[in-house]
Structures are given as structure tokens and as C-alpha cells.
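Q: Could you take a close look at a single part of this model for me? I'd like to know what sits around it and how the pieces pack.

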Amino acid sequence: MTMSIAFIGLGVMGYPMARHLFNAGFDTKVYNRTTAKAQQWASEFSGQYGETPREAALERDVVALCVGNDDDVRSVVYGEDGVLAGMKAGATLVDHTTTSAELAEELANACSEKGIHFIDAPVSGGQAGAENGALTIMCGGEQASFDAVLPVLNSYAKQAVLMGGHGQGQRCKMVNQICIAGVLQGLSEALMLAQKSNLDIEQVVSVLKHGAAGSWQMENRAVTMAEDKFNFGFAIDWMRKDLGFCLDEAKKHQLDMPLTEAVDKRYGLLQQKGLGRMDTSVLIKAYDKDV
């Protein structure tokens with residue numbers, strides 16, 4: 001039998017992820033805080049939507065979330081209208097939101113009390129990855145629960161891996177975000193030098209992308225950074241939220257993260273200048289004295 005799915009949160013990531021579920025043949029019902037967005041999705045895919053998270057989750061085998069932050073997750077999980085009020089025993093809650101590891105552990109306990117399985121499953125790949133069904137998903141939870149929902153995850157992922165117990169998916173996502181922050185800082189400084197040296201940026205990228213300096217950020221963002229284009233999805237407002245989780249986790253282990261702290265501060269300055277909705281590659285503007 002095909003599993004029935006509820007998908008909660010139809011933002012730039014959730015909308016196409018829910019589409020992939022529908023296209024893969026899953027019985028899919030959606031919920032969005034703005035009901036018109038859920039109605040739009042249901043109309044486009046001849047699907048169903050719920051007026052509340054609870055209604056969307058009723059009798060579903062799997063409930064997937066992709067919302068903004070810890071508080072947003074709690075707002076759709078708990079309470080009379082939350083998904084836990086509607087989920088049946090034996091169902092699985094999958095949280096694709098990037099959150100604190102503490103929230104993942106909290107949700108796992110709350111689900112366990114109701115006989116519900118839980119997987120923390122933050123994603124990497126951005127809007128393009130969601131659109132193309134090519135996300136990387138880092139999961140935390142029990143093996144049997146992960147195995148059961150893997151066919152669901154594979155509908156919008158190129159890779160889904162169980163990293164360990166509850167919270168380990170979120171901790172792996174922290175590592176991911178630290179790596180991105182470091183690459184973007186290096187790329188920002190390198191592009192400034194390239195521009196001041198009158199190098200052709202497209203030529204630089206074509207030469208370097210296949211060598212040791214190559215990265216996804218270089219191949220996909222270097223030219224647009226040089227062209228002053230920063231409207232490619234994942235906003236620095238969200239990146240700062242994620243880097244906050246990274247720095248909090250580092251403190252628990254008495255680790256110094258000077259690069260991560262420096263990038264976080266630069267993003268903070270850009271937010272103060274009204275650039276919070278620009279994508280993370282706007283970091284290069286932190287070096288622009290005219291901004």
C-alpha cells in the first residue's frame with residue numbers, strides 16, 4: 001500500500017518537495033500557514049489541504065515539516081491544532097526544518113510519549129535542490145524509522161543518510177553550514193583580489209573549478225557575486241539563525257570557532273544595512289566600503 005503523507009510548510013523548499021511526493025504517487029495532503037498557498041498547491045496538483053496542521057496530519061502515515069525555526073516548528077507540532085493532536089500511533093514525524101539539536105531531542109521525546117516515531121532530517125541543496133528533487137538529507141533517529149520513511153525521502157533527495165540518534169541530523173547540518181560559511185568567506189576575498197587584478201571572473205572560474213579550489217559555491221555563485229546579483233534563495237536571515245545553532249553547539253564542547261564567528265558578524269552588519277533577504281553569497285558586500 002502507498003503511504004499517506006502530510007506536508008506542513010509550503011515555502012520555496014516545501015512547495016516543490018510536496019510536488020515530488022505527489023508525482024511519486026504518494027497520497028499527499030498539505031498545510032500552510034497562509035491557506036491560499038495550500039489551496040494553490042491543491043488546485044495545481046488535484047490534491048488535498050488541511051485548514052490546520054492537525055487536520056492535515058489526521059490518519060497520515062508520515063507527516064513532514066519544512067518551516068522556519070524552532071518556534072515555527074513548535075507552533076505546528078503542539079497544541080489542539082498541532083500535528084501531534086492528529087497523528088495516529090505508529091506514524092512518523094519527519095522534521096526537515098533546520099533547528100537546534102535540543103529541539104530534535106525534545107520532539108523525539110514528545111513523539112515517543114504518543115507512540116509516534118521521529119526523524120530530524122534537515123536538508124541541503126537550496127531551492128534548486130528542492131525543485132530538482134536533488135536534496136541531501138542528514139537524518140537523526142532510529143534505524144527502523146529511517147528505513148520506513150526512506151522511500152518518501154528519496155522522492156526529493158539524491159542522498160539521505162542516517163547520521164545517528166535523534167539530533168545528529170541537525171548537528172550534521174551545523175557542520176554543513178560552517179563549511180559553507182568558510183567557503184563563501186574565502187570566495188569573497190578571492191573575488192575581490194581577482195577583480196582588483198583585472199582578471200576575467202568567468203575565466204578564473206573555468207580554470208579553478210576543476211582543481212583543488214573548486215566548490216559548488218565557486219561554480220554556481222562566483223560569477224553572480226562579481227555581477228552583484230544576490231537573489232538566489234537561501235537568505236542570510238536564515239543563515240544567521242543556522243550559524244547561531246553552530247556557535248551554541250560549539251560552546252557546549254568548549255570549541256572556539258573564529259571563522260564562523262567572523263562570518264556571522266559580517267552577516268549581522270549586512271542585516272543592519274537592509275540586506276537580510278539577500279542570499280548568502282552577498283557576504284562579498286561586507287567587504288565593500290560603499291555599502
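**Around helix α12**

A: Let's start with what covers the buried residues of α12: the cover includes α4 (70-77), α6 (101-113), α9 (168-196) and α13 (258-272). Bear in mind that this is a predicted model.

The buried residues of α12 itself are Ile236, Met239, Lys241, Asp242, Leu243, Phe245, Cys246, Leu247, Glu249 and Ala250. If you want a sanity check on the helix geometry, α12 covers residues 236-252, and its 17 residues at 1.5 Å each should span 24 Å; the end C-alpha atoms are 24 Å apart, so the two agree. Just past the end of α12, Gln254 has a positive phi of about 55 degrees.

Now for two of the covering helices, α9 and α13. These two also pack against each other, with axes 9 Å apart and an angle of about 70 degrees. Angles of 65 to 115 degrees count as roughly perpendicular, and α9 and α13 are therefore roughly perpendicular to each other. On the α9 side, the contact uses Ile178, Ala181, Gly182, Leu184 and Gln185. Facing them from α13 are Leu259, Thr260, Ala262, Val263, Arg266 and Tyr267. Sorted by class, the residues of this α9 and α13 contact come out as seven nonpolar, three polar and one charged.

Sticking with α13, have a look at Leu270, which lies in that helix. Its relative accessibility is 1%, so Leu270 counts as buried, the cut-off being under 20%. Setting aside neighbours within four places in sequence, Leu270 is in contact with Ile236, Leu275, Gly276, Val282, Leu283, Lys285 and Ala286. Ile236 in that list is also one of the buried residues of α12, so you can trace a direct link here, given that contact means heavy atoms within 4.5 Å. As for Gln254, its C-alpha atom is separated from that of Leu270 by 28 Å, with the two residues 16 apart along the chain.

For another helix pair, try α1 (residues 14-23) and α2 (residues 35-44): their axes come within 11 Å and cross at roughly 30 degrees. That makes α1 and α2 roughly parallel to each other, and α1 passes α2 in a right-handed crossing. Tyr15, Ala18, Arg19 and Phe22 of α1 make the contact with Lys37, Gln40, Trp41 and Glu44 of α2. By class, that contact has four nonpolar, one polar and three charged residues.

Key
Residues numbered from 1 in each chain as written. Predicted model: local features only at pLDDT ≥ 70, side-chain atom pairs only at ≥ 80, totals over all residues. Heavy atoms only, no water. Axes fitted to C-alpha atoms, helices over the stretch in contact; angles between N-to-C directions. Helix = DSSP H or I, 4+ residues; strand = E, 2+ residues; numbered from the N terminus. Parallel < 35°, antiparallel > 145°, perpendicular 65-115°, else oblique. Left-handed = near helix turned anticlockwise from the far one by under 90°. Nonpolar A, V, L, I, M, F, W, Y, C, P; charged D, E, K, R; others polar. Expected span 1.5 Å × (residues − 1). Buried < 20%, exposed > 50% of the residue type's maximum accessible area, 1.4 Å probe, protein only.
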